[in-house]
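Student: I would like a close look at one part of this model. Please start from a single residue on a helix and its surface surroundings, then work inward and along the chain.

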Amino acid sequence: MQNKTTKDYVQLHFIVLLLGFTAILGTLISVHSLSTVFFRTAIAAVGIYFVLKFRQVDLNINRSGAIKLLSTGFLISLHWFLFFFAAKISNVALCLAGFSTATLWTSIIEPITYKRKIRPYEVLLGLLVIGGLCMIFLSEVKHIWGLILGILAAMLSALFSVINSKLGKSYPSQVITFYEMTGAAITSLIPLLYTLTSGYLTLEQVIPHGWDWLWLAILSLVCTVYAFSVTVELLIKFSAFIFNLALNLEPVYGIIFAYLIFGEKEQMNLGFYAGTGVILIAILIYPILNKRFGN
């Protein structure tokens with residue numbers, strides 16, 4: 001990993017702040033979650049294409065690289081679908097709480113990918129996060145599916161974060177973003193067309209209208225093109241575990257945003273906030289343990 005500067009840490013937490021707002025935007029957009037993912041990634045792919053063409057960046061890469069990037073786009077589209085769907089069927093807070101398990105997933109996936117030993121303290125911190133989630137679950141049983149889908153979204157997030165930390169060493173971050181957004185748009189369009197032609201979804205549920213276009217523009221260009229490009233750069237400097245540990249602040253930002261925007265709908269009971277507090281403790285403990293036991 002490269003040496004980190006104060007600017008890198010500021011960028012990292014600014015990106016987490018932006019990502020904390022994505023669940024809010026996904027909830028504000030009225031169309032089906034599958035449609036949200038398609039339009040988000042399609043607009044992002046077109047946007048980044050014109051940016052790269054304006055900057056005269058060469059988009060040509062070898063076939064093997066293109067397949068890897070487009071395939072990663074599939075994982076990203078599935079992750080975002082689960083993420084947005086979880087927020088819609090429960091609420092933003094529960095979705096983001098489930099998403100915090102990215103730390104545990106990364107503590108398992110990253111060592112396997114880089115062929116290094118699993119660090120026991122990373123697993124313990126991941127289990128601490130799980131403990132916090134159990135507290136949340138016991139206090140919010142009625143929202144179990146939102147929590148489960150949030151956890152699955154976290155697993156996929158950990159997987160493509162580790163993948164991108166490796167791909168970022170071979171390709172420019174914005175080129176990676178273009179190919180992965182293109183892959184995500186294609187893989188989300190196929191099931192979207194199927195559900196539309198089969199009658200499962202109607203045109204009204206698929207085609208954005210009114211304010212949807214503004215929310216999609218912000219979601220696609222700010223929270224995707226900008227945030228995703230910077231994320232790939234940061235994953236070269238930070239380990240995927242550290243990045244996903246910082247992402248555990250996403251629920252905090254998201255819950256604050258959700259309460260300010262949606263009010264009482266997002267108000268949770270004491271068990272939820274206690275569990276969220278446990279998750280935050282894991283974040284604060286990590287730098288101490290990493291300094292003591294990391295290598």
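Tutor: Start with Leu152, which sits in helix H7. The model is a predicted one. Is Leu152 buried or exposed, or something in between? Its relative accessibility is 36%, so Leu152 counts as partly exposed. Leu152 is one member of a nonpolar surface patch, alongside Ile89, Trp145, Ile148 and Met155. Together these residues show about 440 Å² of accessible area. H7 supplies the largest share of the patch, with four residues.

Now go inward. H7 spans 144-167 and gives two or more residues to the largest nonpolar core. That core has 66 residues. Which residues have the most contacts inside it? They are Ile15, Phe83, Tyr179, Met181 and Leu234. Besides H7, the elements that contribute two or more residues are H1 (6-28), H2 (33-54), H3 (63-89), H4 (92-99), H8 (173-197), H10 (212-237) and H11 (240-246). Another core lies apart from this one. It has 14 residues, including Leu125, Val129, Ile279 and Tyr286.

Take Met181 from the main core. Beyond its neighbours within four places in sequence, Met181 is in contact with Thr41, Ala44, Ala45, Ile76, Trp80, Thr224 and Phe228. Thr177 also has Phe228 as a partner. Thr177 belongs to helix H8. With 0% relative accessibility, Thr177 is buried. Setting aside residues up to four places away in sequence, Thr177 touches Val225 and Ser229 as well as Phe228.

Next, the cysteines. How many disulfides does the structure hold? Zero. Cys95 takes part in none, and the nearest cysteine sulfur, that of Cys223, is 14 Å away. A disulfide here requires sulfur atoms within 2.5 Å. The sulfur of Cys223 is therefore too far from that of Cys95 for a bond, at 14 Å. Both side chains can be placed by accessibility. Cys95 is buried at 0%. Cys223 is buried too, with a relative accessible area of 3%.

Turn to the loops. Val31 lies in the one between H1 and H2. Is Val31 buried or exposed? Its relative accessible area is 1%, so Val31 is buried. Which residues does Val31 contact, leaving aside neighbours within four places in sequence? They are Thr36, Lys88, Glu204, Gln205, Val206, Ile207, Pro208 and Asp212. Thr106 is elsewhere: 75 residues from Val31 in sequence, and 31 Å from it in space, C-alpha to C-alpha.

The loop between H2 and H3 holds Gln56. Gln56 is exposed, at 73% relative accessibility. Its backbone deserves a check. Most residues other than glycine have a negative phi. Gln56 has a positive one, near 60°.

One more loop completes the tour. Ile118 lies between helix H5 (102-114) and helix H6 (120-139). At 42% relative accessible area, Ile118 is partly exposed. Not counting residues up to four places away in sequence, Ile118 touches Ser107, Pro111 and Val123. Ile118 and Phe50 are 68 residues apart in sequence, and their C-alpha atoms are 42 Å apart in space.

Finally, return to the start. Leu152 is partly exposed, while its helix, H7, gives four residues to the patch and two or more to the main core.

How values were computed. Residues numbered from 1 in each chain as written. Predicted model: local features only at pLDDT ≥ 70, side-chain atom pairs only at ≥ 80, totals over all residues. Heavy atoms only, no water. Core = buried A, V, L, I, M, F, W, Y, C linked by side-chain atoms within 4.5 Å. Buried < 20%, exposed > 50% of the residue type's maximum accessible area, 1.4 Å probe, protein only. Contact = heavy atoms within 4.5 Å. Patch = residues over 30% accessible without salt bridge, like charges linked within 9 Å, V, L, I, M, F, W, Y side chains within 5 Å. Areas by Shrake-Rupley, 256 points an atom, 1.4 Å probe, with all protein chains shown as cover. Salt bridge = Lys/Arg side-chain N within 4 Å of Asp/Glu carboxyl O.
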